[in-house]
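Work through the exercises below with the structure in view, and try each task before reading its solution.

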Amino acid sequence: MPAATELDFVLKRTFGYGTFRPLQREICETSLAGRDVFALLPTGGGKSLCFQLPALVRGGLTVVVSPLIALMKDQVDQLQASGVAATFLNSSLDADEARARLRGLHRHEFRLLYVAPERLMLEGWAENLKAWNVTCLAIDEAHCVSEWGHDFRPEYRQLAKLRALLPDIPVMALTATATARVRDDIVSHLKLREPEIFVASFNRPNLTYRVVPKDEPLKQVIDFVRKRETESGIIYCASRAAAERVAEGLAGRGFSAKAYHAGLDAAERARNQEAFLRDDTRIICATIAFGMGINKPNVRWVIHHDLPKNIEGYYQETGRAGRDGLPGDCLLLFSAGDIAKQTHFLDEITDEKEQQIARAQLRQIVHYAESAGCRRAELLAYFGETYPLDNCAACDNCSEPRETYDGTIVAQKFLSCIYRIAQNSRFSVGLNHLIEVLTGADTEKIRRWGHDRLTTYGIGGELSRPQWAAVGRELMRLGYVAVAEGEFATLELTEAGMDVLRTRKPVTLTKPMDLPKARRTAARREGDIACDEILFAKLRTLRKQLADERRVPAYIVFGDNTLRAMARTYPETVDQMEGIPGMGEKKRAEFGEAFAAAVADYLRNNSRLSFGD
């Protein structure tokens, strides 16, 4: 059977899918042809199948490098549930179990082996790898190799040694987030040979993005969660104390919520994570210590209780919603106070270069939070991608555009203050000092530098300091003001800003965000699968029971998209389940009868709904 046809056959028989996601087929075929591959697919884009499918088609052993124990176990559980011979080796195994798995590897019983990078460097492993008929090396979370990535791990740099050890096998590097600089780092450090590079769109069309002003955040969180009581979600907090506080606040009101952060002991962290994966706990309140390696496809929403440090982290964290392709909601609570807190932390960074990068990243995430433009377009632009539509219809700014106003006079005041200070002092100042001049503050610096004698001193009394800060940041976004590189982040006029000063051309500014009003009814969202919601709830209960019996997370049995497809098509026999997504042969044989019986039982007392197919 030709490789392409065999890929389709294995995809359908083993994993229950009739079609590939974007770039999956091309990546599989390139790897099967013996080429090195670099693949950048967003979270939920189906990275794992890109090495799992070729492993089943080509034979031999595919070694998968993964940085997290939880992720290894999760993926191996899912593969075994689909009938695939896969295993992992890591520190969670006792000596007897590890030896048993090593014996199986020497007997060529497995098609995939998941392993941490440091284990591959242990003494004796070079002989093992040569003896096991390794036919591909897949390096997951490959951004860990780059100091410019958001999760650098030095042990990933050692993986380049495997190139010399196994010179003839193809290497595949995969990641969900990487700027152009990080991509180049990955290719270079892993010594990929003329790799075929695949970069999928960063767009997650099933996610909705909203930013609202933070105001009594616990109440805002509770109001949000109350409308989604049966759904799983993650709340990201900037500190351990905030994660604890929010979890306690929710639990005290009857919600199923737990905290997750580095301050908890390892056993409690593992318990809380396991409870979340198994749907025993619906909500995790976490610091950024939580998430990488969480392969839970039915997270329906993500809240950022505090401002993230950078766009890359924010994109990856929001990307943990809707991995199954069904709709997900992403909410960011934003306040100017969060900017001040983060700036304070940045002041404590001693390495000047590191501080400079962190300041630039903070400006970018604040720019995103305050922008009146399409959120989706802003995120994609950060990764060098242009969003082709004017309106995504799935973010707050597109569905409920903010009001604008004639900001010509305030812009003139702000820009001319920058100009006068530079002209008078022969140096530039930062945003805070500029606002103090505009609002007529009486400070030691203003007196020492003679800025109380400028014509622009005190001309901005009509706005508060936070309002002037918002105006300044918008003028930066519009390209009229630039932030100088260096320690003090001083403000300078751009050519466009000088042009506005000279010609007095009109400047339109956006009114600050209001607190959210009652929302209009949302249109049907990308990824929605209309179905019989009562039957869906019954099938979900059955799935939980079957998963608990097997001591695995519910999605190892079936994902929500599989249950929703059953709750739409009403299969009363196993044969009628043909074509339901995620229903491979082994899962249909193991679980089909139980779910068909549940559907048939439901239809004895309920009529079928029509969904206009």
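The structure shown is a predicted model, and the exercises move from its sheets to a pair of helices and then to a single residue.

**Exercise 1. Determine the strand order of the open sheet that contains S8 and S13, and say which strands stand at its edges.**

Solution. Step one is to follow the pairing from strand to strand, which gives six strands in the order S8-S13-S12-S9-S11-S10, with parallel pairing. Step two is to look at the two ends of that order: strand S8 (207-213) and strand S10 (257-260) each have a single partner strand, so one side of each is left without a neighbour in the sheet. Step three adds the twist, which averages 15° from one strand to the next.

**Exercise 2. Find which strands of this sheet are touched by helix H10, and which by helix H12.**

Solution. Begin with helix H10 (residues 217-226), which packs on the sheet and touches S8, S9, strand S11 (283-286), S12 and strand S13 (328-334). The direction of H10 makes about 170° with that of S13. Continue with helix H12 (residues 266-277), which lies across S9, S10, S11 and S12 and runs at about 135° to S10.

**Exercise 3. Describe how S13 is joined to S8 and to S12, and decide whether the residues of S13 are buried or exposed.**

Solution. First take the S8 side, where seven bridges join S8 to S13 and the two strands run parallel; here Tyr209 stands opposite Cys330 in S13. Next take the S12 side, where four bridges join S12 to S13, again in the parallel sense, and where the bridge partner of Ile303 is Leu331 in S13. The connection can then be traced: S12, helix H13 (residues 311-318) and S13 make a right-handed β-α-β unit.

For the covering, note that residues under 20% relative accessible area count as buried, and that seven of the seven residues of S13 are buried. Gly328, Cys330, Leu332 and Phe334 point one way from the strand, while Asp329, Leu331 and Leu333 point the other way, and all of these are buried.

Ile303 also leads onward to another strand, for Ile235 stands opposite Ile303 in S12. The strands concerned are S9 (residues 232-236) and S12 (residues 299-304), which pair in the parallel sense over five bridges.

**Exercise 4. Give the strand order of the open sheet of seven strands, and identify its edges.**

Solution. Tracing the parallel pairing gives the order S3-S4-S2-S5-S6-S1-S7. The edge positions belong to strand S3 (86-89) and strand S7 (196-199), each with a single partner strand, so one side of each has no neighbour in the sheet. Neighbouring strands of this sheet are turned by 20° against each other on average, direction ignored.

The partner of S7 can be examined in detail: four bridges join strand S1 (residues 37-40) to S7, the two running parallel, and Leu40 stands opposite Val199 in S7. A helix can also be placed against the sheet, since helix H3 (residues 49-58) lies across strand S2 (61-65), strand S4 (112-115), strand S5 (134-139) and strand S6 (171-175), running at about 140° to S4.

**Exercise 5. Work out how helices H18 and H19 pack, and what covers H19.**

Solution. Two packed helices are described by the angle between their axes and the distance between the axes. Helix H18 (residues 408-425) and helix H19 (residues 431-438) pack at an angle of about 105°, with their axes 10 Å apart. That angle makes H18 roughly perpendicular to H19.

Now list the residues that meet: Lys413, Phe414, Cys417, Ile418 and Ile421 in H18, and Leu431, Leu434, Val437 and Leu438 in H19. By class, the contact has eight nonpolar, no polar and one charged residues.

Turning to H19 as a whole, seven of its eight residues are buried, among them His433, Ile435 and Glu436. What covers these buried residues includes H18, helix H20 (444-449), helix H21 (465-477) and strand S16 (491-493). H19 is followed by Gly440, whose phi is positive, near 75°.

**Exercise 6. Locate Tyr602 and decide whether Tyr602 is buried or exposed.**

Solution. Tyr602 is found in helix H26 (residues 585-603). Its relative accessibility is 5%, so Tyr602 counts as buried. Leaving aside residues up to four places away in sequence, Tyr602 touches Asp532, Ile534, Leu535, Lys538 and Tyr570.

Note on methods: Residues numbered from 1 in each chain as written. Predicted model: local features only at pLDDT ≥ 70, side-chain atom pairs only at ≥ 80, totals over all residues. Heavy atoms only, no water. Pairing = 2+ DSSP bridges. Axes fitted to C-alpha atoms, helices over the stretch in contact; angles between N-to-C directions. Contact = heavy atoms within 4.5 Å. Parallel < 35°, antiparallel > 145°, perpendicular 65-115°, else oblique. Nonpolar A, V, L, I, M, F, W, Y, C, P; charged D, E, K, R; others polar. Buried < 20%, exposed > 50% of the residue type's maximum accessible area, 1.4 Å probe, protein only. Right-handed = clockwise from strand over helix to strand, strands pointing away.
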